[in-house]
Amino acid sequence: MYAQMVKSTGEGVKDLKEMSPEERAFQERIDRGEKIEPKEWMPEGYRKTLIRQIGQHAHSEIVGQLPEGNWITRAPTLERKAILLAKVQDEAGHGLYLYCAAETLGVSRDELLEKLHSGNMKYSSIFNYPTLTWADIGAIGWLVDGAAIMNQVPLQRTSYGPYSRAMIRICKEESFHQRQGYDIMMKMAKGTPEQKEMAQDALNRFWYPSLMMFGPSDKDSVHSAQSMAWKIKINTNDELRQKFVDQTVPQAEYLGLTIPDENLAWNEEKGGYDFSEPDWSEFYEVLKGNGPCNKERLGARVKAWEDGAWFREGLMAHAEKQSAAKLAAE
Ligand code: FAQ
């Protein structure tokens, strides 16, 4: 399996023969499907890759609250508002499980947040797009949570124990998120002509950014080969993107909506759809901070951090007072 991987994904991944005895023993554990737990020996690159991926994933969950949070006060009914509130709160919970998983690798939550706020750590490109209408909330649940699930279900089998266990819980909640989004789209698509138009417009704007969530195409993915050898990633970016398209096209047909891609066509031979690639220059611009909402999103997170300083200081003062009192009593 490992030898095959090295062959198929190419350069930069050490062959078993080039590894130190510790590295080889580690790789053999991964190949046997064993989980790696926090205090066990691991190559520095494995630790760093996990901190990067889990940290970015946690940031995505937290920043991902902002586009939908924008509509909580404007949800069309009390029921929709309660559902959206629950969903946005779930995303906060996902962020917290993931920060905890990252902390087991020896990085503090404050360090991770500092890197996010200073622009030295990424979060998913998708959250740099605006939510202009209520239909966008449907499109996010359907497409963005749909893409997130496609990526995260295999991550339940990732090699790092705390990440894999966090993913199991997160995936359960993401399924509810996807269903609520599709339910909004059904109401809109089967509603008045204006509502259907809003649903189509939301699909038009969110389709390609959703495809970008899976990362650059395999030939441009810098981390995939090593991450797959370590089973941090289970599938390549293109494999998951293809599965997402194959799953989503019939869902769009059921809604009576059109995927905004003239090249979309069933390919009998490959057993999947042919489809157009997203505009990768737009993707890299968004990653560089030049997407439509990058400044607003990061600004909101930095403000929340600064506004919460008094609260964190209060908690620390209380904790210090308590431990001083405990010491005095001993
Ligand atoms: N956005 O070599 P690769 C959610 C970066 S959760 C921004 O292919 P890798 C829930 C990548 O970091 C959504 N950056 O990288 C929700 C790397 O840059 P670096 C988040 C991206 O790591 C729903 C460079 O490009 N999910 O939505 C993106 O092997 C609704 C080269 O790329 C996860 O984080 C992107 N889309 O593969 C919340 C899942 N794609 O770090 C609220 C876990 C790539 O060297 C509402 N993560 N980059 O500076 C993963 O599976 C992987 O990290 C990938 C990227 C697949 C995202």
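The paragraphs below walk through a predicted model, going from a pair of packed helices to some loop residues, the salt bridges and a patch on the surface.

A good place to begin is with two helices that lie against each other. Two packed helices are described by the angle between their axes and by the distance between those axes. In this model, helix α7, which covers residues 134-155, and helix α9, which covers residues 193-212, have axes that come within 9 Å and cross at roughly 35 degrees. The crossing in which α7 passes α9 is right-handed. On the side of α7, the contact is made by W134, A135, D136, A139, I140, W142, L143, V144 and A147, while α9 contributes M198, A199, A202, L203, R205, F206, W207 and S210.

Just before α7 in the sequence, the loop between α6 and α7 holds two residues that can be looked at together, namely S125 and T133. Is T133 buried or exposed? With a relative accessibility of 18%, T133 counts as buried, because the limit for that word is under 20% relative accessible area. If residues up to four places away in sequence are not counted, T133 touches W71, M198 and R205, and M198 and R205 also belong to the α9 side of the contact with α7.

S125, in the loop between α6 and α7, is buried as well, with a relative accessible area of 6%. Leaving aside neighbours within four places in sequence, S125 is in contact with M212, F283, V286 and L287. The chain also brings S125 and S60 to a C-alpha to C-alpha distance of 8.6 Å, although these residues are 65 residues apart in sequence.

A further example of residues separated along the chain involves A252, which is found in helix α11, residues 237-255. A252 and Y182 are 70 residues apart in sequence, and their C-alpha atoms are 9.7 Å apart in space. A252 counts as buried at 1% relative accessibility, and, when its neighbours within four places in sequence are left aside, A252 is in contact with W142, L257 and I259. Of these, W142 has already appeared as one of the α7 residues in the contact with α9.

Between α10, residues 224-229, and α11 there is a loop in which K231 is found. What is the phi of K231? It is near 55 degrees, a positive value in a residue other than glycine. As a general background to this value, most residues other than glycine have a negative phi.

The next step is to consider charged side chains, for which the count comes to 20 salt bridges. One of them joins the side chains of K87 and E91, with 2.7 Å from N to O. Both residues lie in helix α5, residues 78-103, and they are four residues apart, which is about one turn of the helix. Where do these two partners stand in terms of burial? K87 is buried, with a relative accessible area of 1%, and E91 counts as buried at 5% relative accessibility.

Another salt bridge, at 2.9 Å from N to O, is formed by the side chains of E285 and K288. These two residues both lie in helix α12, residues 280-290, where they are three residues apart, about one turn of the helix. E285 is partly exposed, with a relative accessible area of 34%, whereas K288 is exposed, with a relative accessible area of 61%.

In helix α13, residues 294-307, D307 and K303 are four residues apart, about one turn of the helix, and their side chains meet in a salt bridge of 2.6 Å from N to O. D307 counts as partly exposed, at 44% relative accessibility. Salt bridges can also share partners, and in this way R29, R32, E34 and E40 are joined into one network.

The last stop is on the surface, where W310, F311 and L315 form a nonpolar patch with about 400 Å² of accessible area together. F311 has its place in helix α14, residues 309-329. The relative accessible area of F311 is 48%, so this residue is partly exposed, as the word exposed is kept for values over 50%.

Key
Residues numbered from 1 in each chain as written. Predicted model: local features only at pLDDT ≥ 70, side-chain atom pairs only at ≥ 80, totals over all residues. Heavy atoms only, no water. Patch = residues over 30% accessible without salt bridge, like charges linked within 9 Å, V, L, I, M, F, W, Y side chains within 5 Å. Areas by Shrake-Rupley, 256 points an atom, 1.4 Å probe, with all protein chains shown as cover. Salt bridge = Lys/Arg side-chain N within 4 Å of Asp/Glu carboxyl O. Buried < 20%, exposed > 50% of the residue type's maximum accessible area, 1.4 Å probe, protein only. Axes fitted to C-alpha atoms, helices over the stretch in contact; angles between N-to-C directions. Left-handed = near helix turned anticlockwise from the far one by under 90°. Contact = heavy atoms within 4.5 Å.
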